Amino acid sequence: MANPPSEERDGAPLTARLQGAIAKHLNDDHLEEMLICAKANADVDWAEEVKVLGVDALGVDLEVKGGDRLQSLRLTFPESAKGVLGLRRTLEKTIAESRDKIKASTEFQE
């Protein structure tokens, strides 16, 4: 059985318009997950808030804030996401791995 065409597997191409809509969606509905990703993948344990500045096939640009500290950072994906569905799978995997890192770190400290 042949593989489905890339667009069926990976969804619509990641246009600038779609990237902006995805960033807005993450800011509106997934800030807790983005904060977990930031804390798990960067040295920002002090962060209390996060804002998604942008999303592309290679990663997510974030701004984290805590107390009087403010820092921009980039979460780089292990491989380029191909299309909207590919980006969704990559983000879901990144979030799951970040939760596991935080959980393991918390268990280690206990």
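**Figure 1. Four helices and three strands make up the chain of this predicted model.** Read from the N terminus, the elements follow the order α-α-α-β-β-β-α. The C-alpha trace spans about 50 × 30 × 20 Å along its principal axes, and of the 110 residues in the chain, 35% are buried. Among the contacts with a separation of 6 or more, 45% are made by residues 24 or more positions apart. The chain exposes about 7300 Å², and 51% of this area is supplied by carbon and sulfur atoms.

**Figure 2. Close-up of helix H2, with its buried and exposed residues.** The 14 residues of H2 should span 20 Å at 1.5 Å a residue, and the computed distance between the end C-alpha atoms, 20 Å, agrees with this expectation. Ile 22, Ala 23 and Leu 26 are buried in H2. Seen down the axis of the helix, the buried residues of H2 fall within an arc of 100°, and therefore they line one face of the helix. Arg 17 and Lys 24, by contrast, are exposed on the other side of H2. As background to this view, residues three or four places apart in an α-helix point the same way, because the helix has 3.6 residues a turn.

**Figure 3. Close-up of the salt bridge between Lys 24 and Asp 28.** This pair is one of six salt bridges in the structure, and its closest N and O atoms are 2.6 Å apart. Both residues belong to helix H2, which covers residues 16–29, and they are separated by four residues, or about one turn of the helix. Lys 24 is exposed, whereas Asp 28, with a relative accessibility of 49%, counts as partly exposed because the exposed class requires over 50%.

**Figure 4. Close-up of the salt-bridge network of Asp 56, Asp 61 and Arg 74.** The side chain of Arg 74 meets that of Asp 56 in a salt bridge with an N to O distance of 2.7 Å. Since Arg 74 lies in strand S3 (residues 69–76) and Asp 56 in strand S1 (residues 49–56), this pair ties together parts of the chain that are 18 residues apart in sequence. Arg 74 also forms a salt bridge with Asp 61, where the closest N and O atoms are 3.0 Å apart. This second pair links distant parts of the chain as well, with Arg 74 in strand S3 and Asp 61 in strand S2 (residues 59–66), 13 residues apart. Through these shared partners, Asp 56, Asp 61 and Arg 74 are joined into one network. Arg 74 is partly exposed at a relative accessible area of 34%; Asp 56 is partly exposed at 24%, and Asp 61 is partly exposed at 27%.

**Figure 5. Close-up of the largest nonpolar core, which has 25 residues.** The residues with the most contacts inside this core are Met 34, Val 52, Val 55, Val 60, Leu 62, Val 64 and Leu 87. At least two core residues are supplied by each of H2, helix H3 (31–41), S1, S2, S3 and H4, and the largest share, four residues, comes from H3. Leaving aside residues up to four places away in sequence, Val 52 touches Ala 23, Leu 26, Asn 27, Met 34, Val 60, Asp 61 and Leu 62. For context, nonpolar side chains tend to be buried together in soluble globular proteins.

**Figure 6. Close-up of Leu 91 in helix H4 (residues 83–109).** With a relative accessibility of 10%, Leu 91 counts as buried, because the limit for this class is under 20%. When residues up to four places away in sequence are not counted, Leu 91 touches Leu 26, Met 34, Val 60 and Phe 77. Leu 91 and Cys 37 are 54 residues apart in sequence, while the distance between their C-alpha atoms is 9.7 Å.

**Figure 7. Close-up of Asp 10 in helix H1 (residues 6–10).** Asp 10 counts as buried, its relative accessibility being 10%. Its contacts, again not counting residues up to four places away in sequence, are with Lys 82, Gly 83, Val 84, Leu 85, Gly 86 and Arg 89.

Terms used. Residues are numbered from 1 along each chain as its sequence is written. This is a predicted model: local features need pLDDT of at least 70, side-chain atom pairs count only at pLDDT 80 or more; totals for chains, interfaces and linings use all residues. Side-chain values use heavy atoms; hydrogens and water are left out. A salt bridge is a side-chain nitrogen of Lys or Arg within 4 Å of a carboxyl oxygen of Asp or Glu. Buried means under 20% relative accessible area, exposed over 50%, partly exposed in between (1.4 Å probe, protein chains only). Contact means heavy atoms within 4.5 Å. The expected span of a helix is 1.5 Å times one less than its number of residues. The arc is that of the directions from the helix axis to the C-beta atoms. Accessible areas come from the Shrake-Rupley method with a 1.4 Å probe; for residues, only the protein chains shown count as cover. A nonpolar core is a set of buried Ala, Val, Leu, Ile, Met, Phe, Trp, Tyr and Cys residues joined through side-chain atoms within 4.5 Å.
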